[in-house]
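Subject: Structure for your review

Dear colleague,

Please find below the structure that I am handing over to you. My findings follow it.

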Amino acid sequence: MFDSTLTLMVQGYAWLPDRRRRSGGRPVACRLMGKRAVAIHGPEAVRFFYDESHVERRGALPGPLLDTLFGRGAVHTLDGREHRVRKDLFMSLLKDRDGLSSLVDHLEVQWDLARQRWSGRGRLVLFDEVSLILTRAVCAWSGVSLSDREAEETAGDLVAMVDGFASAGPRHLRARRARRRQEARLARRVENVRSKAEEAPEGSVLAAVAAHRDADGDLLDPRTAAVEVLNVIRPTVAVTWFFTFAAHALHRWPEHRAPLAEGDAAYARAFAHEVRRFYPFAPFIGGLAARDLRWDGHDIPAGGMVLLDLYGHNHDPQLWNDPYTFGPSRFLGREPGRDELVPQGGGDPSTNHRCPGEDVVLRILETLVPRLAALRYDVPEQNLDIPLRRVPTAPRSGFVLTPL
């Protein structure tokens with residue numbers, strides 16, 4: 001069996017769906033990074049994948065992914081009680097209604113400040129501007145105060161971590177350097193909070209992580225604590241990709257602007273769900289077989305890699321009516337089922353490895369997309385292609401606009 005790592009890097013999001021089509025919809029057996037792998041698909045596969053007796057995460061994430069996107073010792077690498085205790089930390093921070101309302105307040109303030117900066121500026125790249133808005137908002141909410149210069153540097157580093165995780169060459173090296181720089185800065189902040197040299201706001205991410213004790217009863221070492229602070233801040237700034245896709249959707253299908261600009265909350269929620277379904281974000285996620293497994297006629301040996309197809313799932317015509325049509329109305333009047341919409345994975349966030357920050361993603365989009373829809377701007381001629389070979393992808397131009 002030939003190793004498919006290089007083919008994956010060349011084909012990007014299309015690699016796994018294409019392999020699945022060629023297999024007649026059956027599980028895809030392949031080899032990635034020298035390891036045997038089986039890719040599974042569909043709601044039952046989601047439930048199979050998130051059963052910890054089937055799939056575990058310890059040792060599953062390759063070093064390049066840890067050194068760019070997640071960080072060494074991150075919650076994503078834990079299983080069992082260790083994972084549940086660490087995950088409880090994130091659930092307490094990211095599922096608190098009052099806390100998310102406070103984040104929304106910061107988002108609104110930063111959007112209004114950005115609007116003032118944009119006045120008379122002419123053309124601007126929305127992707128860059130929104131990454132800075134989100135960085136300033138989430139860092140303020142997290143108790144990580146930043147000067148203007150630090151905010152710009154941090155926004156650049158956070159974007160670099162996400163942009164370079166699935167690449168080789170300069171993008172990947174930038175991501176590694178960005179993570180090292182931000183981990184070192186935040187480790188110092190954690191140490192300062194613990195030594196009382198710096199005060200973290202009560203209930204903030206920085207205060208909670210600095211005080212957190214893991215399953216063994218010990219404080220996290222400063223570097224691991226920094227990793228987990230970043231695992232709140234970085235995914236929040238990664239919503240820049242979804243927001244830029246939302247701008248792309250409003251430009252291609254302007255009929256959605258009016259209900260959003262008029263403040264239709266139900267429509268904003270449905271629009272946010274459809275952006276997350278329709279546009280490419282994570283192509284798949286992976287884990288290791290906890291024991292010898294069998295799925296749909298395929299044997300998966302203990303320690304073998306199990307891939308869960310996300311992009312193909314969200315565009316499967318057997319699961320979605322007209323999957324390549326952008327239609328927020330499919331979510332009007334209903335919330336998607338737990339394992340139905342999986343742009344960031346499936347399962348139960350309180351007990352499984354599902355991202356606990358999905359509510360944050362939705363709140364950001366529900367807050368800022370209506371403001372974008374109400375904004376008067378021109379869209380100059382530019383390259384708005386979204387290359388599926390690039391992971392993560394975005395409109396090539398970053399979405400250039402001129403505020404009016």
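The chain of this predicted model contains 15 helices and 10 strands. Its radius of gyration is 21 Å, close to the 22 Å that the globule rule gives for 404 residues, so the chain is as compact as a globular protein of that length. Measured out along the principal axes, the C-alpha trace spans about 60 × 55 × 40 Å.

Burial and contacts come next. Of the 404 residues in the chain, 56% are buried. Among contacts in the chain with a separation of 6 or more, 71% are accounted for by residues 24 or more positions apart.

As to the surface, the chain exposes about 17,200 Å², and 50% of this area is supplied by carbon and sulfur atoms. The side chains include 56 positive and 53 negative ones. The centres of these two sets lie 5 Å apart.

I then turned to the loop between β8 and α15. β8 covers residues 305-309 and α15 covers residues 358-374. Two residues of this loop were examined, beginning with His-313, which is placed between these two elements. His-313 has a relative accessibility of 1% and therefore counts as buried, the cut-off being under 20%. Leaving aside residues up to four places away in sequence, His-313 touches His-41, Gly-42, Pro-43 and Val-46, and also Leu-319, Trp-320, Asp-339, Glu-340 and Val-342.

Gly-347 also lies in the loop between β8 and α15. With a relative accessible area of 1%, Gly-347 is buried, because that value is under 20%. I also computed its separation from Val-162: Gly-347 and Val-162 are 185 residues apart in sequence, and their C-alpha atoms are 23 Å apart in space.

Finally, the cysteines. How many disulfides does a search of the whole structure find? The search finds zero. A disulfide is a covalent bond between the sulfur atoms of two cysteines. Two cysteines were examined for burial. Cys-30 has a relative accessible area of 1% and is therefore buried. Cys-139 likewise counts as buried, at 1% relative accessibility.

I would be grateful for your comments on these findings.

With kind regards

Key
Residues numbered from 1 in each chain as written. Predicted model: local features only at pLDDT ≥ 70, side-chain atom pairs only at ≥ 80, totals over all residues. Heavy atoms only, no water. Helix = DSSP H or I, 4+ residues; strand = E, 2+ residues; numbered from the N terminus. Buried < 20%, exposed > 50% of the residue type's maximum accessible area, 1.4 Å probe, protein only. Contact = heavy atoms within 4.5 Å. Disulfide = S-S within 2.5 Å. Rg over C-alpha atoms; globule rule 2.2 N^0.38 Å. Areas by Shrake-Rupley, 256 points an atom, 1.4 Å probe, with all protein chains shown as cover. Lys, Arg positive; Asp, Glu negative; His and termini not counted. Charge placed at Lys NZ, Arg CZ, Asp CG, Glu CD.
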